[in-house]
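This report is written for a reader meeting the structure for the first time. Please keep the sequence and the three-dimensional view at hand while reading.

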Amino acid sequence: MDIILLNIIILVYVLAIGYLGYKGWRETKDSEDYMVAGRKIHPYVMAMSYGATFISTSAIVGFGGVAGLFGMGLLWLTFLNIFVGIFIAFVLFGKRTRKMGHNLGAMTFSELLAKRFDSKFIQYFSGLVIFLGMPMYASVVLIGAARFIETTLAIDFDIALLLFSIIIAAYVVLGGLKGVMYTDAMQATIMFVGMAFLLLMTYSQLGGVVPAHQALTDLASLVPANLASMGHEGWTSMPASGSAWWWTLISTLVLGVGIGALAMPQLVVRFMTVKSSRELNRAVLIGGVFILMMTGVAFVVGALSNVYFVQQDGVISIAAAQGNADSIIPIFINSAMPDWFVYVFMLSLLAAGMSTLSSQFHAQGTAIGRDVYETITGMRGGRSILITRVGIILAVILAVILGYILPGSIIARGTAIFFGLCASAFLSMYGCALFWKRATKAGAIAGLVVGTFVSLFWLVFVHQKEAAALGIAKMVLGRDVLITSMPWPVVDPIVVALPLAFVATVAVSLATQPPAPEHLEKCFKGIK
Amino acid sequence: MLGINDPWIWGVYLLSFLSALLCVAYGLVNWNKGGKTETDEILEEVVWEEGEVEMEEKELGL
């Protein structure tokens with residue numbers, strides 16, 4: 001490998017990011033520029049920024065690795081990512097969010113909900129959920145990028161993690177959302193090219209589409225006995241219906257992330273950055289194709305990596321990666337692809353990690369600056385941007401610390417936990433805010449609190465993987481989980497918390513006084 | 001189909017392409033729709049109000 005050439009490519013890439021971050025900084029005059037990019041972003045920049053924020057190293061390395069373990073059943077997540085995460089999100093939620101955000105002068109997701117329901121509690125509680133919950137997600141994205149840098153450049157994992165964070169922190173703190181979105185658009189373009197090449201090269205190396213799939217189908221007999229006993233039936237078959245493997249695939253990986261995308265604060269804020277619905281119509285086209293090329297390719301290639309490893313080394317992917325699903329894609333790329341492609345893919349992954357992390361750090365900064373500090377103190381303007389910048393630096397430090405201490409095979413799980421928490425906490429309130437005028441402040445607060453705490457309770461006491469790792473249930477109850485009978489220990493929190501949050505929102509709203517008609521008129525002005 | 005036996009898998013393989021195609025079709029059909037910005041709305045209101053004033057002035061013979 002030509003390390004000098006690779007370093008030159010990375011240097012050019014970092015300089016381009018520096019220029020776009022500087023451009024964002026030059027164009028940022030006030031807090032509206034810093035938080036919602038002045039509400040005049042081009043549809044290509046908006047769509048690619050949404051896509052690049054949505055798709056991170058977690059989707060490519062983490063979930064791609066999980067596809068190496070679970071197989072092509074994970075493509076149900078690709079379908080949901082496109083149909084729910086793009087089509088439903090933009091066409092149904094996006095247009096109303098943009099208009100209502102403008103009507104109410106909202107600059108963050110929490111602020112939109114708080115102003116719709118006229119509640120400061122909603123703003124700072126949501127801000128805290130985002131600020132305290134997102135480091136988990138940010139740290140696993142950071143791990144995904146650092147793992148690839150470690151594998152490719154032979155740089156120590158800890159140093160890779162730190163360097164990567166410092167570069168991102170610099171342009172987010174200075175450039176605000178404009179800097180973030182400009183760099184996102186460039187990074188998304190690089191990701192698109194990298195993933196298109198990856199798909200073509202994987203299929204051509206394995207003899208074409210049908211022969212590659214057939215070879216993967218023929219590997220079903222190689223499923224390890226422990227996975228087969230959990231319901232794994234091969235890499236081109238769905239797991240046995242109702243088995244532990246099926247519940248993990250469907251409830252945690254597919255539903256958690258597929259539905260959760262609708263209520264991700266850093267994605268929702270993108271809808272408020274364009275000047276009319278026309279930009280969103282155009283962004284749907286770009287977003288749908290982009291997500292197909294990202295998750296569709298990552299999951300297909302992850303599953304097909306089994307064929308490559310069996311042909312080369314006689315072992316399946318998870319064995320080649322020594323049990324760490326997070327290493328499947330990096331090892332596959334480094335051993336199956338030519339050197340020049342490793343450079344291209346390296347850049348794609350850097351771009352995927354940076355674009356998501358920058359938005360996560362920005363969302364956490366605005367959560368602490370705008371949603372918590374401004375709401376509690378009533379102070380606005382320059383000091384609020386300063387607090388936001390301090391919040392961003394704190395978010396980076398938190399993510400780096402977590403990145404050092406989290407275990408292996410954590411990337412997809414950490415992502416699913418945060419997506420599920422956001423859906424449980426925010427989706428009932430957000431959906432009712434946009435589509436149900438009868439929803440009340442008390443109903444919204446009930447949904448937010450029930451969704452958040454049921455989700456956290458389920459993670460700590462019922463969902464086997466987290467409950468056993470945390471050990472709180474063991475300490476309190478004397479056993480790993482509260483309910484030991486199947487399938488409950490493998491049912492994701494979202495399956496329980498999200499319906500309960502909806503029931504709480506609707507029931508409490510119907511039991512309380514409807515909102516004032518003048519307030520609703522202001523919120524829904526121009527919304528058909 | 002496509003070297004995959006399970007219809008739940010080849011089905012979702014095709015469904016993913018179809019959903020991306022739906023996004024493309026929606027974007028193309030609505031490419032030029034919904035272009036009214038908040039500034040346009042304010043301008044419309046101003047023009048409408050000016051028209052109202054003119055009508056009233058005419059009625060009063062001013």
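## Asn306 in helix α13

In this predicted model, A:Asn306 belongs to helix α13 of chain A, which covers residues 277-313. Its relative accessibility is 0%, so A:Asn306 counts as buried. The side chain of A:Asn306 comes within 2.9 Å of the backbone oxygen of A:Gly68.

When residues up to four places away in sequence are set aside, A:Asn306 touches A:Gly68, A:Leu216, A:Leu219, A:Trp235, A:Val315, A:Ile316 and A:Ser317. A:Arg116 lies elsewhere: A:Asn306 and A:Arg116 are separated by 190 residues in sequence and by 50 Å in space, C-alpha to C-alpha.

## Overall form of chain A

Chain A has 23 helices and zero strands. Its C-alpha atoms fill a box of roughly 70 × 55 × 45 Å along the principal axes. The radius of gyration of chain A is 22 Å, which agrees with the value near 24 Å for a compact globule of 528 residues.

Of the 528 residues in chain A, 64% are buried. Among contacts with a separation of 6 or more, 82% are between residues 24 or more positions apart. The chain exposes about 17800 Å², and 68% of this area is supplied by carbon and sulfur atoms.

## Nonpolar cores

The largest nonpolar core contains 194 residues. Within this core, the residues with the most contacts are A:Met46, A:Phe90, A:Leu198, A:Phe361, A:Phe426 and A:Tyr430. Apart from it lies another core, made up of eight residues, including A:Val454, A:Trp458, A:Val462 and A:Ala497.

A:Phe426 can be described further through its contacts. Not counting residues up to four places away in sequence, A:Phe426 touches A:Phe109, A:Ser126, A:Val129, A:Ile130, A:Ala263, A:Pro265 and A:Leu448.

## Helix α6 and the loops on either side

A:Thr108 lies in the loop between α5 (75-104) and α6 (109-116) of chain A. With a relative accessibility of 4%, A:Thr108 counts as buried. Its side chain forms a polar contact of 2.7 Å with the side chain of A:Asp371. Leaving aside neighbours within four places in sequence, A:Thr108 is in contact with A:Val269, A:Met272, A:Thr366, A:Arg370 and A:Asp371.

Helix α6(A) is largely enclosed by the rest of the structure, because seven of its eight residues are buried. The buried residues of α6(A) are A:Phe109, A:Ser110, A:Glu111, A:Leu112, A:Leu113, A:Ala114 and A:Arg116. A:Phe109 also appears among the residues touched by A:Phe426. After α6(A) comes A:Asp118, which is placed in the loop between α6 and α7 (120-153). The phi angle of A:Asp118 is near 50 degrees, a positive value in a residue other than glycine. A:Asp118 counts as exposed, because its relative accessibility is 57%.

## His232 in the loop between α10 and α11

A:His232 is found in the loop that joins α10 (225-230) to α11 (244-260) of chain A. The relative accessible area of A:His232 is 4%, so this residue is buried. The side chain of A:His232 reaches the backbone nitrogen of A:Gly234 at 3.1 Å.

Neighbours within four places in sequence aside, A:His232 is in contact with A:Leu69, A:Phe70, A:Val223, A:Leu227 and A:Trp245.

## Cysteines without disulfides

A disulfide is a covalent bond between the sulfur atoms of two cysteines. A search of the whole structure finds zero disulfides over all chains. A:Cys422 is in no disulfide, and the nearest cysteine sulfur, that of A:Cys432, is 17 Å away. With 0% relative accessibility, A:Cys422 counts as buried.

Why does the sulfur of A:Cys432 not form a bond with that of A:Cys523? The sulfur of A:Cys523 is the closest cysteine sulfur to that of A:Cys432, but the two are 14 Å apart, which is too far for a bond. A:Cys432 counts as buried, because its relative accessibility is 6%.

Notes:
Residues are numbered from 1 along each chain as its sequence is written. Chains are lettered from A and ligands numbered from 1 in the order in which they are written. This is a predicted model: local features need pLDDT of at least 70, side-chain atom pairs count only at pLDDT 80 or more; totals for chains, interfaces and linings use all residues. Side-chain values use heavy atoms; hydrogens and water are left out. Helices (H or I, at least four residues) and strands (E, at least two) are DSSP runs, numbered from the N terminus. Buried means under 20% relative accessible area, exposed over 50%, partly exposed in between (1.4 Å probe, protein chains only). Contact means heavy atoms within 4.5 Å. A polar contact is a pair of N or O atoms within 3.5 Å; within protein, one must be able to donate a hydrogen and the other to accept it, and residues adjacent in sequence count only if both atoms are side-chain atoms. A nonpolar core is a set of buried Ala, Val, Leu, Ile, Met, Phe, Trp, Tyr and Cys residues joined through side-chain atoms within 4.5 Å. The radius of gyration is taken over C-alpha atoms; the globule rule is 2.2 Å times the number of residues to the power 0.38. Accessible areas come from the Shrake-Rupley method with a 1.4 Å probe; for residues, only the protein chains shown count as cover. A disulfide is a pair of cysteine sulfur atoms within 2.5 Å.
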